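Biologist: I've got this model open on my screen. Please walk me through it.

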Amino acid sequence: MASIFETYKDKIATLPKERGWITKDHYMYQGFWHQSRHVISVESTMALQDTFKARPTDIYMVTLPKAGTTWLKALMFALVNRTRYKNDGLSTHPLLVSNPHNCLPQLEMEVVRNTPSYVDPHSTRLFSTHIPVTSLPQSILDHGCRIVYMCRNPKDVLVSLFHFANKLRRHNSSDLLTFEEAFKMFSKGMMVNGPYWDHVKGYHKVSLEHPENVFFLTYEDLTVDTMNNVKRLAKFLGYPFTKEEEAEGVVQEIVRLCSFENLSEVNKHGDLREGIPNDAFFRKGKIRDWTNHLTDEMSTILDEITKEKLHDLNISF
Ligand code: PAP
C-alpha cells in the first residue's frame with residue numbers, strides 16, 4: 001500500500017480537499033469524493049484505472065457505502081456458489097463463519113493483494129466496489145461486464161453512515177460527529193464516493209442504456225419483496241433457480257442464510273482484516289429509520305435535493 005500511496009502522492013496533492021467522515025480528509029477526483037491513504041481510496045481507484053484488467057465474464061456489484069453492500073455481497077456469493085455448499089442445510093457455509101466482506105472481494109483491494117482473489121482463469125469472478133461509473137477501470141465497461149447496482153433511500157444512507165462513522169471514530173479515539181455535522185456533509189454531497197445523487201444517477205443511466213448488462217435494485221425493494229428480487233437477481237447473474245430448487249425451498253434457505261438476523265449473529269465478534277469490527281456492518285437493517293433521526297426541516301432539504309437531481313429516474317424509496 002505504501003508504494004501505491006507514494007506513486008500517486010503528487011497527483012493527490014493537487015486535488016480539492018474537505019474534512020472526512022472516518023479518515024481525516026476527503027479528496028475530489030473525477031467529480032467524486034474519496035478517502036486517501038486507505039484501502040478504499042483515491043489511490044486504489046487510480047491504481048485500478050492504471051492496472052486492472054477485467055474479464056468479460058466478471059460480475060461487479062456496486063453500491064455506495066451503507067446502501068446494503070454487506071447484504072448484497074452475502075446474497076450474490078450465496079447464489080453463485082450454492083451448489084458448492086448445498087448439503088447439510090447449508091451448515092458448512094462460509095457465511096456461517098465469516099463476514100460477507102471476506103467472501104466476496106472488494107475490487108479496491110485487488111491492487112494491494114500479493115495474490116489476486118481469483119487464480120482460476122475460467123471462474124466467474126465476483127467483485128464489489130463503491131467506485132462511481134465514470135471512474136470504473138475502462139476494461140470493465142469495454143467488456144460490457146455485468147453490473148448489479150443497489151441504492152438505498154439517501155436519508156437512511158445518511159443515518160447508517162452517521163452511526164458507522166461514529167463507531168469507527170470511537171474505535172480510533174477521534175471526536176464524534178454530531179448528526180447536524182453529518183447532515184451538512186451529506187447534503188453537500190460529501191461522503192465516500194459521493195455525491196450520493198451523482199453516483200445513483202450515473203449507474204441508473206447505464207442501466208437504461210444497457211439493461212442486459214446492468215441490474216438496478218433498491219434496498220427498499222429487496223426488503224419489501226426479498227424472494228422475488230432474489231430470484232430476479234439469480235437469473236441476471238446466470239444462476240437461475242430451477243423448478244426443483246424452488247420446490248425444495250432453496251430460495252427461502254438462501255434468503256434466511258443472508259438475513260440480518262442470521263448474519264448479525266454470526267458477526268457478533270471479531271474484526272475484518274482491516275481492523276473494522278465485524279458487528280459494525282449490522283445495526284438495525286430496517287427501512288425508514290431516518291424518521292428517528294431527521295428533523296422535518298432536514299427531511300425536506302434532502303427530499304428537495306433528491307427531487308431536483310433524481311426526478312426523471314422513476315426510483316421510489
Ligand atoms: P458498507 O458499504 O460499509 O459495507 P453496508 O453493508 O452497505 O456497509 O451498510 C450497512 C447497513 O446494511 C446497515 O444499515 P443500518 O445502519 O440502517 O442498520 C446494516 O444494518 C444493513 N445490513 C447489513 N446486513 C444486512 C442484511 N443481511 N439485511 C438487511 N440489512 C443489512
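Modeller: One convention before the ligand: Ala, Val, Leu, Ile, Met, Phe, Trp, Tyr, Cys and Pro count as nonpolar, Asp, Glu, Lys and Arg as charged, and the others, Gly among them, as polar. The model is predicted, so local features need pLDDT of at least 70 and side-chain atom pairs 80 or more, while totals for chains, interfaces and linings use all residues. Residues are numbered from 1 along each chain as its sequence is written, and side-chain values use heavy atoms, without hydrogens and water.

Biologist: How does the shell around the ligand divide by residue type?

Modeller: Nine of its residues are nonpolar, eight are polar and four are charged.

Biologist: And which residues are closest to the ligand?

Modeller: Thr69, Thr70, Ser160, Tyr219 and Lys284 are the closest among the 21 residues that surround the ligand (a heavy atom within 4 Å).

Biologist: What does the side chain of Tyr219 do there?

Modeller: An N or O atom in the Tyr219 side chain sits 2.7 Å from a nitrogen atom of the ligand (polar contacts here are N or O pairs within 3.5 Å). The Arg152 side chain has an N or O atom 2.9 Å from a ligand oxygen. Gly285 uses a polar backbone atom instead, 2.7 Å from an oxygen atom of the ligand.

Biologist: How much of the ligand's accessible area does the protein cover?

Modeller: The protein covers 96% of the 640 Å² that the ligand has on its own (Shrake-Rupley, 1.4 Å probe).

Biologist: Which elements give two or more residues to that shell?

Modeller: Helix H3 (69–80) and helix H13 (260–266) do, with H3 giving the largest share, three residues. Helices (at least four residues) and strands (at least two) are DSSP runs, numbered from the N terminus.

Biologist: New topic, helix packing. At what angle do H6 and H14 pack?

Modeller: Helix H6 (residues 154–171) and helix H14 (residues 296–310) pack at about 125 degrees, with axes 10 Å apart. H6 and H14 are therefore oblique to each other (that is, outside under 35, 65 to 115 and over 145 degrees). Pro154, Lys155 and Leu158 of H6 meet Ser299, Leu302, Asp303 and Thr306 of H14, with heavy atoms within 4.5 Å counting as contact. That set holds three nonpolar, two polar and two charged residues.

Biologist: Where does the backbone do something odd?

Modeller: Most residues other than glycine have a negative phi, and most peptide bonds are trans. Lys66 has a positive phi of about 75 degrees, though it is not a glycine. Lys66 lies in the loop between strand S4 (59–63) and H3. The peptide bond from Gly194 to Pro195 is cis, with omega near 10 degrees.

Biologist: Where is Pro195 found?

Modeller: Pro195 is in the loop between helix H7 (179–187) and helix H8 (196–209).

Terms used. Polar contact = N/O pair within 3.5 Å; in protein donor to acceptor, adjacent residues only side chain to side chain. Axes fitted to C-alpha atoms, helices over the stretch in contact; angles between N-to-C directions.
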